[in-house]
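User: Please take a close look at one part of this model, the packing around its nonpolar core, and then carry the description outward to the helices, charged pairs and loops.

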Amino acid sequence: MFRSQTAKTFVLGLAAALIVTGCGRTGAQRGQESAGAPIDSSPATGDITVWAMGTEGELLPKLAARFEKANPKAKVKVTAVPWQDYGKKVETAIASGDTPDATLVGTADLAMFATTGGLEQVPQKLVDDSAFYRGAVRSSAFEGATYGVPWYVDTRSLFYRKDLARAAGVSAPKTWDEYGPFLKALQKEGAKWGLSLPTGAAQSWQSVLPFLWQAGARLMNEDKTKFTFDTPEALKGLEFYQSFFTSKTVSRNGPVSLGEIEPEFVDGSTAALISGPWEQGLLKSAGGTSFVDDKVGIAPLPAGPRSNAGYIGGGHWAVFKNAENREGAWKFIRWTARPDSQKAWHELSGDLPAVQSAWNEGKLATDTALGVFRSQLKTAQPGPTAITWKQVTAVLDDEIEKVAKGISSPKSALERIQAKASTIGTGNRR
């Protein structure tokens, strides 16, 4: 599954490769073309070649079998690709013109792929954008055009030791003002650290930017041509992040690898963490099912002055311009966006549906933990849709570490982020 931790293995090379490919492209290759011809409602036919990554690539044939049953003259041929290899593989395929019909794309990477000119815009009326979570739709568009159809989403919420909270007589915090006292109360019950936060390891920005959004920050201007990190709202958010360290509720040496924090959460030395629905599986592995049932609480992120926005990730479907079976690919993608297909995929993979109505029946509608993530998805946001975003995230992670370690003030960090981001530029032309 496309998670922030597993993403660490491939994002660095992807940024450089795709930025080089995208520079010098004309505006017509980046959003000024019209969408492709409409896709009719007849059954799909022929071979449909698809790349999918990680766990999704391994499990997709099981979902595709259902599509083939409904479209007996079509065959979905899935190639599973490791996430760490996919950026270079897609770039090479586009450059050579030898592509499959469709590919899974990580939400943070769509803008960089779109700028190569190798993706087709989503045909008009293929799907109803209003059916998806707003954050997922935002990350599927670039420079006024839509290049992806959301398939699944993920977001993060607050996991906490509910047994310690009960002993302390406190409830999960709903606002920033309640956050600190809640964590201090858990520490009084024996936890060394109230909360685990990233402190500069790769992808730290995914957990820290929500504090800026919660304070009302917008990280790009309206026409998406400039980064805007030097605002009072961004400063308020980063100062709030800093406050966890100065109050000694969070360690200045946060986790750097998958599976590192769970043993500390299980033994009670860390009382809370921010993670996604996959965390339940990790905690069951570390502490057992009874531990999760008896001692783990999940709550939406506490709200700042403006919202309780979190980060939204996940995966989109995209079709290559050189697709041999263009119509079949889009029909398969349209089928994956049906509520029943989304529910089936959740049952197979555990991935969260991007289509809101898929949550209205079965376990998705009744499971308490899933309900927390459903609520969180309503305010979740993607990172800025900029060609150079991966370059900027490296700057963010570096400056986040300086704030966490007490080397830099939030104000100085944002000044450096703004200066470096302005030098890098967005790469966007609209």
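Analyst: In this predicted model, phenylalanine 332 is a good place to begin: leaving aside residues up to four places away in sequence, Phe332 touches Ile48, Val50, Leu60, Ala64, Phe67, Val76 and Trp317. Two of these partners reappear when the core is considered as a whole, since the largest nonpolar core has 76 residues, and those with the most contacts inside it are Ile48, Trp317 and Phe332 itself. A second core, separate from that one, has 49 residues and includes Trp176, Ala191, Leu219 and Ala272. As a general background to both, nonpolar side chains tend to be buried together in soluble globular proteins.

From the cores one can turn to a helix that is mostly covered, α9, which spans residues 205–214 and has 10 of its 10 residues buried. The buried residues of α9 are Trp205, Gln206, Ser207, Val208, Leu209, Pro210, Phe211, Leu212, Trp213 and Gln214, a list in which glutamine and serine stand beside tryptophan, phenylalanine and leucine. Just after α9, glycine 216 takes a positive phi of about 100 degrees.

The partner of α9 to be considered here is helix α10, residues 232–246, whose axis comes within 7 Å of the axis of α9 and crosses that axis at roughly 125 degrees. The two helices are therefore oblique to each other, and α9 passes α10 in a right-handed crossing. On the α9 side the meeting residues are Val208, Phe211 and Leu212, while α10 contributes Glu233, Ala234, Gly237, Leu238, Phe240, Tyr241 and Phe244. Val208, Phe211 and Leu212 are also among the buried residues of α9.

The loops on either side of α10 each hold a lysine with a backbone feature that deserves a careful look. Most residues other than glycine have a negative phi. Lysine 224, in the loop between α9 and α10, has a phi near 60 degrees, a positive value in a residue other than glycine. With a relative accessibility of 37%, lysine 224 counts as partly exposed. Lysine 248 is placed in the loop between α10 and α11, the latter covering residues 262–267, and it too is not a glycine yet has a positive phi of about 60 degrees. Lysine 248 is exposed, its relative accessible area being 60%.

The charged side chains form another layer of the description, for the structure holds 15 salt bridges. One of them joins aspartate 47 to lysine 77, with the closest N and O atoms 3.1 Å apart. Because aspartate 47 lies in strand β1 (residues 46–53) and lysine 77 in strand β2 (residues 74–81), this pair ties together parts that are 30 residues apart in sequence. Both ends have some accessibility: aspartate 47 counts as partly exposed at 39% relative accessibility, and lysine 77 counts as partly exposed at 43%.

The pair formed by arginine 161 and aspartate 163 has its closest N and O atoms 2.8 Å apart. Here arginine 161 is buried, with a relative accessible area of 5%, and aspartate 163 is buried as well, with a relative accessible area of 17%, which falls under the 20% limit used for that term.

A further salt bridge is found where the side chains of glutamate 415 and lysine 411 meet, at 2.6 Å from N to O. These two residues are 4 places apart in helix α19 (residues 410–424), so they are separated by about one helical turn. Glutamate 415 counts as partly exposed at 44% relative accessibility, and lysine 411 likewise counts as partly exposed, at 48%. Beyond such individual pairs, Asp398, Glu399, Lys402, Arg416 and Lys420 are linked in a network of salt bridges.

Finally, one loop residue can be followed back toward the strand that carries aspartate 47. Serine 41 lies in the loop between α2 (11–22) and β1, and at 73% relative accessibility serine 41 counts as exposed. The C-alpha atom of serine 41 is separated by 9.8 Å from that of leucine 126, although the two residues are 85 residues apart along the chain.

Technical notes:
Residues are numbered from 1 along each chain as its sequence is written. This is a predicted model: local features need pLDDT of at least 70, side-chain atom pairs count only at pLDDT 80 or more; totals for chains, interfaces and linings use all residues. Side-chain values use heavy atoms; hydrogens and water are left out. A nonpolar core is a set of buried Ala, Val, Leu, Ile, Met, Phe, Trp, Tyr and Cys residues joined through side-chain atoms within 4.5 Å. Buried means under 20% relative accessible area, exposed over 50%, partly exposed in between (1.4 Å probe, protein chains only). Contact means heavy atoms within 4.5 Å. A salt bridge is a side-chain nitrogen of Lys or Arg within 4 Å of a carboxyl oxygen of Asp or Glu. Axes are lines fitted to C-alpha atoms, for helices over the stretch in contact, and angles run from 0 to 180 degrees between N-to-C directions. Angles under 35 degrees count as roughly parallel, over 145 as roughly antiparallel, 65 to 115 as roughly perpendicular and the rest as oblique. A crossing is left-handed if the near helix is turned anticlockwise from the far one by less than a right angle, and right-handed if clockwise.
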